[in-house]
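This report describes the helix packing and selected residues of one protein chain. The sequence and the coordinates are shown first.

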Amino acid sequence: YGKKVMQKREVISELNQKILRFGARHPLVGDSHLKVGILHMYDGHYPDSILHLEEALKIKVSFVENHPDLSSILMFIALNQLALERFDDCMTSLLGVRRFREDAVGHTHPEIGLILNNIACVYYELGDSKRAESLFQEALDLQREAFTTEPTFLKSVSTLLSNIAFLHAKNGLFPKALIELEGALQIQQEILCDEDNESDAILENIAHIMAIQKMQHGSGNMEEITNQYMTMLMRR
């Protein structure tokens, strides 16, 4: 804890020194605002983080029209806004990220699938399930077209499948949800060798959905039935 406080003080001191030396709108000042904003974010000081990140963004925009830093800063801002449950502001930031990255890498780059996944999650939080499902599907279609065996990409596909499965399960579309979760599980177990220990969570979700389906045709204890299915799935 003490080391983090000292690090933040040093970065804030560096920011103030650069402002005095170069002026408030210098690119190096923007870099320091970015560092301070990220440190505030990791400490959970989201409003302070947003203030510094927005300053960094203003400075960067004044010097470059389209730079990877712009989308990165906007993504950090979006994460802070999400933590504060400022979903409308978060959506605006994420749409900006999408615009910057599509201009930089094109509409079909795998990275755009990740961004679409994040936007879909925010639409879900805003209560627009249809729009969320549409974007999840668009992201999934894009990932299929750009398929690679690169681990980071495969993890993103597994996450996307789990997210769309969650949405389908919430809407009562259990067969669809199970297919998507099985796909996520296959990626984790057979390709990634479950290096992040994600399989148990996916199996639990599968077991829970199977239990819901069974209880629709009879009575019983949800927890007990879920545990029974979990045991069965673990033995496969």
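Helix 4 passes helix 5 in a left-handed crossing. The model is predicted, and the geometry of this pair is computed from it. The two helices, helix 4 and helix 5, pack at an angle of about 160 degrees, and their axes are 8 Å apart. Angles over 145 degrees count as roughly antiparallel, so helix 4 and helix 5 are roughly antiparallel to each other.

On the helix 4 side, the contact is made by Pro68, Leu70, Ser71, Leu74, Met75, Ile77, Ala78, Gln81 and Leu82. Helix 5 contributes Phe87, Asp89, Cys90, Ser93, Leu94, Gly96, Val97, Phe100 and Arg101. By residue class, the contact of helix 4 with helix 5 divides into 12 nonpolar, 4 polar and 2 charged residues.

The loop between helix 4 (68-83) and helix 5 (87-105) holds Glu85. Glu85 has a positive phi of about 60 degrees, although it is not a glycine. Is Glu85 buried or exposed? With a relative accessible area of 58%, Glu85 is exposed, because the cut-off for exposed is over 50%.

A second site is found in helix 8 (residues 151-170), where Ser158 lies. Ser158 has a relative accessibility of 3% and therefore counts as buried, the limit being under 20%. Which side chain makes a polar contact with the side chain of Ser158? The partner is the side chain of Gln188, at 3.2 Å. Neighbours within four places in sequence aside, Ser158 is in contact with Ala184, Ile187, Gln188 and Ile202. Gln188 thus appears both in the polar contact and in this list of contacts.

The two residues are set out below.

| Residue | Place | Relative accessible area | State |
|---|---|---|---|
| Glu85 | loop between helix 4 and helix 5 | 58% | exposed |
| Ser158 | helix 8 | 3% | buried |

For the chain as a whole, the secondary structure consists of 11 helices and 0 strands. Read from the N terminus on, the elements run α-α-α-α-α-α-α-α-α-α-α. The C-alpha atoms fill a box of roughly 70 × 40 × 35 Å, taken along the principal axes. The protein chain has 236 residues, of which 40% count as buried. Among its contacts with a separation of 6 or more, 51% are between residues 24 or more positions apart.

Terms used: Residues numbered from 1 in each chain as written. Predicted model: local features only at pLDDT ≥ 70, side-chain atom pairs only at ≥ 80, totals over all residues. Heavy atoms only, no water. Helix = DSSP H or I, 4+ residues; strand = E, 2+ residues; numbered from the N terminus. Buried < 20%, exposed > 50% of the residue type's maximum accessible area, 1.4 Å probe, protein only. Axes fitted to C-alpha atoms, helices over the stretch in contact; angles between N-to-C directions. Parallel < 35°, antiparallel > 145°, perpendicular 65-115°, else oblique. Left-handed = near helix turned anticlockwise from the far one by under 90°. Contact = heavy atoms within 4.5 Å. Nonpolar A, V, L, I, M, F, W, Y, C, P; charged D, E, K, R; others polar. Polar contact = N/O pair within 3.5 Å; in protein donor to acceptor, adjacent residues only side chain to side chain.
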